[in-house]
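The exercises that follow are meant for a reader who is meeting this structure for the first time. Please look over the sequence and the model, and try each task before reading the solution below it.

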Amino acid sequence: MEIKIAIQGIKGSFHHQVAQEYFQQEHDLDECMSFDDLVKSLVKNQAQKGVMALENSIAGSIVPNYALIDNNNLQIIGEHYLDIHMNLMALRGQRIEEIKEVHSHPIALLQCAVFFSQYPHIKLVESGDTAETARRIQEEKLKGIGAVAAPIAAKLYDLDILAAGIHTVQSNKTRFVIVKTENKELPKEEINKASIKFELDDTPGSLATILNVMNNSKLNLTKIQSMPIIETPFQYSFFVDVVFEKYKHYEKAKKILELMTTHFKVLGEYKNGRL
């Protein structure tokens, strides 16, 4: 059965590249111009699975996406790490000196800030997606406009790459998660990573105690992200990723953490994408 995958952006985007690399079987794409639209596609069952960027090695966490996963009760069923290669592209035959504006996703522009500081004549304009501008440049034959996008976008939309690898830090990786409305993907023996969320009472040392429980239970903490609880000033939710060798160690820790925390929730149990 052919499944439909929701991605943020269009063909030629980094999300499209992840969908190609992660899913082996044939699939249709639901191109969503925002992460909100991506979530709606899953909730309404227009798509069965979604690809969602969650953190970047330069720009950090995409915090609103944690809230989207949590508030819509999505489940993380997998992850994929992608080496990000940012390229400046434009209509064929143009030189970088002729480019007046460059459009791209704000995170993409942020990752290339040092490169563009060498070209003060270029105005940087934020857009919804890296590949969308590339497509629009080709469709409307826009001269003087450049896009920052993946090499796949230049190939798809027949653009010249004026400068390759323009991201500031060359080791530039983004972690994407694969999400759906329920998690029935893997047997326990194949699961070695989990994403959980919890809240804590406002007592001294409560977080340190939780971290000790994880350590004593042979869980390796790979990510912790705090997020303010809007209804309760100066109180926080914690989103945590842990990896483990044996599911039984995680299962034991989970039972303890459920007792020691408030609003404990499993956001996903899946296979570590960095192995």
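## Exercise 1: The second largest cavity

The second largest cavity holds about 60 Å³ of space. The model to be examined here is a predicted one.

**Task.** Find which residues line the second largest cavity, and state which strand gives the most to its lining.

**Solution.** Begin with the residues themselves: the lining of the second largest cavity is made up of L54, Y66, I69, I76, S195, I196, F239, V240, D241 and L267. Next, turn to the elements, where helix 3 (63-71), strand 12 (193-199) and strand 14 (236-243) each supply at least two residues of this lining. Strand 14 gives the most, with three residues. Finally, sort the lining by class, which yields eight nonpolar residues, one polar residue and one charged residue.

Helix 3 can be followed a little further. Its buried residues are N65, Y66, A67, L68, I69 and D70, and Y66 and I69 are also among the residues that line the second largest cavity. After helix 3 comes N73, whose phi is positive, near 55°.

## Exercise 2: The largest cavity

**Task.** State how many cavities of 30 Å³ or more a search of the whole structure finds, and describe the lining of the largest cavity by element and by class.

**Solution.** The search of the whole structure finds two cavities of 30 Å³ or more. The largest cavity contains about 250 Å³ of space. It is lined by 19 residues, of which F14, H15, A53, H105 and I107 are the closest to its centre. At the level of elements, at least two lining residues come from each of helix 1 (14-22), strand 3 (49-56), helix 4 (106-111) and strand 11 (173-180), and helix 4 gives the most, with three residues. By class, the lining of the largest cavity divides into nine nonpolar residues, nine polar residues and one charged residue.

## Exercise 3: The largest pocket

**Task.** Determine which residues lie nearest the centre of the largest pocket, and which strand gives the most to its lining.

**Solution.** The volume of the largest pocket is about 280 Å³. Of the 16 residues that line the pocket, Y22, I77, G78, E79 and K271 lie nearest its centre. Strand 5 (residues 75-83) gives the most to this lining, with five residues. When the lining is sorted by class, six residues are nonpolar, six are polar and four are charged.

## Exercise 4: Three residues and their surroundings

**Task.** For G50, E21 and S127, decide whether each is buried, partly exposed or exposed, and then list the contacts of each beyond four places in sequence.

**Solution.** Start with G50, which is found in strand 3. G50 counts as buried because its relative accessibility is 0%, and the cut-off for buried is under 20%. Leaving out residues up to four places away in sequence, G50 touches A6, L38, L42, V177, I178 and V179. One of these partners, V177, is 127 residues from G50 in sequence, although the two C-alpha atoms are 8.2 Å apart in space.

Continue with E21, which belongs to helix 1. E21 counts as partly exposed because its relative accessibility is 38%, a value that falls between the cut-offs of 20% and 50%. Beyond its neighbours within four places in sequence, E21 is in contact with H80 and L82. E21 and L82 are 61 residues apart in sequence, while their C-alpha atoms are 9.3 Å apart.

End with S127, which lies in the loop between strand 8 (123-126) and helix 6 (130-140). With a relative accessible area of 15%, S127 is buried. A polar atom of the S127 side chain lies 3.4 Å from the backbone oxygen of D129. Apart from neighbours within four places in sequence, S127 is in contact with H103, S104, H105, P106 and T133.

## Exercise 5: The nonpolar cores

**Task.** Find which residues have the most contacts inside the largest nonpolar core, and list what I166 touches beyond four places in sequence.

**Solution.** The largest nonpolar core has 53 residues, and V51, F116, V148 and I166 are those with the most contacts inside it. Not counting residues up to four places away in sequence, I166 touches M86, N87, L88, Q111, C112, F115, F116 and V148. A second, separate core has 18 residues, including F198, L219, V242 and L257.

Conventions. Residues are numbered from 1 along each chain as its sequence is written. This is a predicted model: local features need pLDDT of at least 70, side-chain atom pairs count only at pLDDT 80 or more; totals for chains, interfaces and linings use all residues. Side-chain values use heavy atoms; hydrogens and water are left out. On a 1 Å grid over the protein atoms alone, a cavity is a set of points where a 1.4 Å probe fits but cannot get out, and a pocket is an open set with protein on both sides within 12 Å along at least five of seven lines; lining residues have an atom within 4 Å of a point. Grid points are joined across faces, edges and corners, and a volume is the space filled by probe spheres set on the points. Helices (H or I, at least four residues) and strands (E, at least two) are DSSP runs, numbered from the N terminus. Ala, Val, Leu, Ile, Met, Phe, Trp, Tyr, Cys and Pro count as nonpolar, Asp, Glu, Lys and Arg as charged, and the others, Gly among them, as polar. Buried means under 20% relative accessible area, exposed over 50%, partly exposed in between (1.4 Å probe, protein chains only). A polar contact is a pair of N or O atoms within 3.5 Å; within protein, one must be able to donate a hydrogen and the other to accept it, and residues adjacent in sequence count only if both atoms are side-chain atoms. Contact means heavy atoms within 4.5 Å. A nonpolar core is a set of buried Ala, Val, Leu, Ile, Met, Phe, Trp, Tyr and Cys residues joined through side-chain atoms within 4.5 Å.
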